[in-house]
Structures are given as structure tokens and as C-alpha cells.
Amino acid sequence: MSDFSEELKGPVTDDEEVETSVLSGAGMHFPWLQTYVETVAIGGRRRKDFAQTTSACLSFIQEALLKHQWQQAAEYMYSYFQTLEDSDSYKRQAAPEIIWKLGSEILFYHPKSNMESFNTFADRMKNIGVMNYLKISLQHALYLLHHGMLKDAKRNLSEAETWRHGENTSSREILINLIQAYKGLLQYYTWSEKKMELSKLDKDDYAYNAVAQDVFNHSWKTSANISALIKIPGVWDPFVKSYVEMLEFYGDRDGAQEVLTNYAYDEKFPSNPNAHIYLYNFLKRQKAPRSKLISVLKILYQIVPSHKLMLEFHTLLRKSEKEEHRKLGLEVLFGVLDFAGCTKNITAWKYLAKYLKNILMGNHLAWVQEEWNSRKNWWPGFHFSYFWAKSDWKEDTALACEKAFVAGLLLGKGCRYFRYILKQDHQVLGKKIKRMKRSVKKYSIVNPRL
């Protein structure tokens, strides 16, 4: 075991406390800290100096963490442990949680740390800060999960689940539900493995019934552990997805839809784009009517107008018989291309180029003008500059052609982007560029004949 692990695990006596606070295993010495600690040890202005010492330690620990100086942060931590004896009861009660958060961060990244040292630190902190037992147990389990130790994580969660101390408060109840839900997530993982095993067996196989029963048992345990948590307002994406998958697997589609609908629409829950994505994908799998799909994506559009599903949303709106939907379909495309991350999305530009032409052919110039009026001052520089024309043509000629068509329709044949693409000599795209030129001349919104 490393020296670092031994230092962490070794008990600290009263006689040793000052020395270990100042002199580390690596032999680093801090004279300013020595002065503070000696003052605390011999009395005098004890309370003031004690507060100054711990406050200084905390500041230096935070700075070391920000700079990823893990050994230096560990050095300071030895001195910060004295805050457990602070005369201020509020600070003394808060100390275990602060020490746990700082210490676990250091141990997670320290090059000399190992699994044994982290586990020892976690167990000691659970006993020191009993009020934080559940929280530390949950975070300890997540650490174990990160290192692939599923059985140890599950055992840790089971112990925390049965732990009892003090009053049964609402915050403690939520923590217990969270611990149970994570335990359920581990059971879901086992269930998924069993389900995969079951899919490889023939129904006539002698082992099929045994595996099927095993799968059912794990699903029941998982459902029991997760169902309580997802009723509490919060963001529970992995738990909801796991729970819904099992409900669908056993044919309870109504139950799955109810869970997803509540998760997406219950006003007590925080706004969550994923909730609407999960509901949309579920309804799509169930071949729900177009109107239902549109209603779900309409809310997602209001939350994340640049989401990749917006192109599907546009397609649904474009196919709708309602004029308001077709008008919204244009707004959605403009909305997607407002975002820098979507400027190279050739599908979005293809959709917009084709849809603009169809709308203008259908005498809906007002729809285009409404969208363009709020963008005409910044889209030309954002999308249709001479620089972008050269860059787009060099990187992706197909993208450049689609953008040039849109630029021509919105800005006319005098647009620098459009003119640059028009002048390019390309054997394959030559005919397309000629058609584009004719369409721009006929349908551009700056054409006085429209």
C-alpha cells in the first residue's frame, strides 16, 4: 500500500495533530501555517486564530483543487481536519460534509490514491458525520460504480437503505428513495443482461423458463425501487428510461405512456427537454397519430429550437393539412439555422431551400417576409458572406449550392454568396446551378414582380 494510503488510514493522536497538520508525508513545510496552529494549540486568542487557520486551509485547498495540485491539496487537508473540533456548533456540524467533499475529490484524482484508501476514508466519514451517512453512502456507491465494482456498490446501497438514525425528515426520505432507485438501476442492469440471455434461447429450450422467471424477478425488484423516486418532482432521466423499457417489455404500454406523460407535463417537475423526447419516441414507436406527435414536439421546439428532432418536426408540419402547421414548419427551419451549431447542417438547408420555393410558388410571400424581417440584419453576415461562400464551396459543394439558393431567394441575385457560387465551374453541379439561377430570378422575395 502507498505511503499516501497509510497516512490517510493511520489514526491521529492529540500529540501528533499539530505535526501532521503542518508536516506532510512528502516533507513539505508551511511556516505560516505552523504559526497559526501553534497559537491554536497553546491557547491565547484561540477562537479567532482557530477560525483563521481553518479558513486559510479551506482557501488553499480550493485553490489547489482548481489547479489540480492534488498532493498540495492533501497537505492542507491534514490541517483542515481540526475544524471537526470548532467551538462554533454550526461550523462543527457542517465540517464532516465539507471534509468528505474535499477529501473524496482529492482521493479520486490523487496519483497515489487507490480503492482501499478511498473506501477507508468513506467509511470513516460515514461514522464521523452520521447526519451525512446516506449522502456519503450514495456517493461512495457511485464511486464504486465508476470503477466497475457493481456488487460492492449494490452492497453499499443495501446497507444504506436499512440505516436508521434520528428523525425521519422529508430530505432523508428523498435520499432513501434515491438510494433505492440507484439500487434499482443496478438491478435493471442485471435485468438487461438476463433479457439478452433470454433472447438467445429458444422457447423450447429447457433453460428458457428458468431464465424467463429470473428476468421477471429482477424486473419486479427494479420497478419497486424506481417507481417511488420518479413520482417526486425532479430530473430522473436514467430511472424513467429504465422503468419504461421494462413496462414496454411486459406489454404495459398504457402504464409506460402514463409515466412518460406525467414526467413531461406535470407542472411540479422542472422543465426537461428529455422528458418530451422520451414521450415522442415512445408515441412514434406506438405509431401514434401525427397530431399527437406534433403536440409533443411543439413543446420541445419551445425549449430547444435547435434540437435534431426539429427536422422531423418540420416534416410532420409540412405534411399537415392545417395552414398554421405549414406556416410553423417554415418558422422551425429558420429557428434551427439561427444556431451556430447548425450552420453546416445540409439537411436543414435542403429542407429550407425546397420549402421556400414551394411556399413562394403557393403565394405565401407574407410567411417568408415575417421570418426574414427579424433576420435580414444579421443572417447575411452570419450565413451569406463572401468568406462563407469560399469556405463552403471548398469544404462541401452540395451545401454551398443549397445555401446559395436560399441566399438568392432571400437577398436576390445581387447577393455576394449567390454570385460567387454562380461563377464556379463544376461539371456535375452545372445544371443544378443554372436551374437555381432561373428559380431565383422568378421567385426571389426582392423581385419587384412578386
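1. In helix α8, the buried residues (buried meaning under 20% relative accessible area, exposed over 50% and partly exposed in between, with a 1.4 Å probe and protein chains only) are Y133, L134, I136, S137, L138, H140, A141, Y143 and L144. They pack against α6 (89–109), α7 (115–128), α9 (150–161) and α10 (170–199), where a contact is taken as heavy atoms within 4.5 Å.

2. This is a predicted model, in which local features need pLDDT of at least 70 and side-chain atom pairs count only at pLDDT 80 or more, while totals for chains, interfaces and linings use all residues. Residues are numbered from 1 along each chain as its sequence is written, and side-chain values use heavy atoms, with hydrogens and water left out.

3. Helix α8 itself covers residues 133–146, and its 14 residues reach 20 Å from the first C-alpha to the last, close to the expected 20 Å, a span reckoned as 1.5 Å times one less than the number of residues. Just after α8, G148 has a positive phi of about 75°.

4. For the protein chain as a whole, the secondary structure comes to 24 helices and zero strands, helices being DSSP runs of H or I with at least four residues and strands runs of E with at least two, numbered from the N terminus. Of its 450 residues, 44% count as buried, and among contacts with a separation of 6 or more, 59% are accounted for by residues 24 or more positions apart. The chain exposes about 24700 Å², of which carbon and sulfur atoms supply 52%, as given by the Shrake-Rupley method with a 1.4 Å probe, only the protein chains shown counting as cover for residues.

5. A search of the whole structure finds 15 salt bridges, each defined as a side-chain nitrogen of Lys or Arg within 4 Å of a carboxyl oxygen of Asp or Glu. One of them joins E161 and K183, with the closest N and O atoms 2.9 Å apart; because E161 lies in helix α9 and K183 in helix α10, this pair ties together parts that are 22 residues apart in sequence. Both E161 and K183 are buried.

6. K432 and E402 also form a salt bridge, with their closest N and O atoms 2.7 Å apart. K432 belongs to helix α24 (residues 430–443) and E402 to helix α22 (residues 397–411), so the pair ties together parts that are 30 residues apart in sequence. K432 is partly exposed, at a relative accessible area of 31%, whereas E402 is buried, at 8%.
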